[in-house]
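The following questions and answers work through one protein chain. Please keep the sequence and the structure at hand while reading.

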Amino acid sequence: MARSIKKGFFVEPQLQDKVEAAQKGGNRKPIQTWSRRSTITPDFIGVNINVHNGKIFIPVHVTENMVGHKLGEFAPTRVFKTHSPHTRK
């Protein structure tokens, strides 16, 4: 279910604070987060974020095209292993 327009987008407050601090200080060190539900805002552009996928942290460099999407979209949680050879034809 989509979030109500009157509520606006959701960004974890702690993550927003870390991104603002990184932008002000010019810090290039990646920010680690477990908040896959946070929406990427224009403030995030140029920041390196490590997003947890349930097992490891996936590095994500935020660009303009990612604005409006969720962080979890860029850190897949499932890995597809190929089908066994007898099913390929």
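Q: Which residue stands opposite Thr-33 in β2?
A: The model is predicted. In it, β1 and β2 pair in the parallel sense over three bridges. Ile-31 stands opposite Ile-49 along this pairing. The residue of β2 that stands opposite Thr-33 is Val-51.

Q: What is the pattern of helices and strands along the sequence?
A: The protein contains one helix and three strands. Read along the sequence, they follow the pattern α-β-β-β.

Q: In what order do the three strands form the open sheet, and what is the average twist from one strand to the next?
A: The three strands form an open sheet with mixed pairing, in the order β1-β2-β3. Because β1 (31-33) and β3 each have a single partner strand, they stand at the edges, and one side of each is left without a neighbour in the sheet. From one strand to the next, the twist averages 25°.

Q: How many bridges join β2 to β3, and which residue in β3 stands opposite Val-51?
A: β2 and β3 run antiparallel and are joined by five bridges. Across this pairing, the residue in β3 that stands opposite Val-51 is Ile-58.

Q: Which residue in the turn of the hairpin formed by β2 and β3 has a positive phi?
A: The hairpin has four residues between β2 and β3. Asn-53 lies in this loop, between β2 (48-52) and β3 (57-61). The turn residue with a positive phi, of about 105°, is Gly-54.

Q: Is Asn-53 buried or exposed?
A: The cut-off for a buried residue is under 20% relative accessible area. The relative accessibility of Asn-53 is 16%, so Asn-53 counts as buried.

Q: Which backbone atoms does the side chain of Asn-53 reach?
A: Leaving out residues up to four places away in sequence, Asn-53 touches Arg-36, Ile-58, Ala-75, Pro-76 and Thr-77. One of these, Pro-76, offers its backbone oxygen, which the side chain of Asn-53 reaches at 3.2 Å. At 3.0 Å, the side chain of Asn-53 also reaches the backbone nitrogen of Lys-55.

Q: Which side chains of β3 point to one face and are buried?
A: In a regular strand, side chains alternate between the two faces of the sheet. Along β3, Phe-57, Pro-59 and His-61 point to one face and are not buried. The side chains that point to the other face and are buried are those of Ile-58 and Val-60.

Q: How many of the five residues of β2 are buried?
A: Buried residues make up 29% of the 89 residues in the protein. β2 is mostly covered, and the number of its five residues that are buried is four.

Q: Which residues touch the most other members of the largest nonpolar core, and which element gives the largest share?
A: In soluble globular proteins, nonpolar side chains tend to be buried together. The largest nonpolar core here has 16 residues, and Phe-44 and Ile-49 touch the most other members. The elements that give two or more residues to this core are α1 (13-25), β2 and β3. The largest share, three residues, comes from α1.

Q: With which residues is Phe-44 in contact, leaving aside its neighbours within four places in sequence?
A: Ile-49 is among the contacts of Phe-44, as is Thr-39. The other residues in contact with Phe-44 are Val-11, Leu-15, Gln-16, Val-19, Gln-23 and Val-62.

Q: Which side chain is joined to that of Thr-39 by a polar contact of 3.1 Å?
A: Thr-39 lies in the loop between β1 and β2. It counts as buried because its relative accessibility is 7%. Beyond four places in sequence, Thr-39 touches residues including Phe-9, Phe-10, Gly-68 and His-69. The side chain joined to that of Thr-39 at 3.1 Å belongs to Lys-70.

Q: What radius of gyration does the protein have?
A: The C-alpha atoms fill a box of roughly 55 × 35 × 25 Å along the principal axes. A compact globule of 89 residues would have a radius of gyration near 12 Å, but the protein has 16 Å.

Methods:
Residues are numbered from 1 along each chain as its sequence is written. This is a predicted model: local features need pLDDT of at least 70, side-chain atom pairs count only at pLDDT 80 or more; totals for chains, interfaces and linings use all residues. Side-chain values use heavy atoms; hydrogens and water are left out. Buried means under 20% relative accessible area, exposed over 50%, partly exposed in between (1.4 Å probe, protein chains only). A polar contact is a pair of N or O atoms within 3.5 Å; within protein, one must be able to donate a hydrogen and the other to accept it, and residues adjacent in sequence count only if both atoms are side-chain atoms. Contact means heavy atoms within 4.5 Å. Two strands pair if DSSP finds at least two bridges between them. Axes are lines fitted to C-alpha atoms, for helices over the stretch in contact, and angles run from 0 to 180 degrees between N-to-C directions. A nonpolar core is a set of buried Ala, Val, Leu, Ile, Met, Phe, Trp, Tyr and Cys residues joined through side-chain atoms within 4.5 Å. The radius of gyration is taken over C-alpha atoms; the globule rule is 2.2 Å times the number of residues to the power 0.38.
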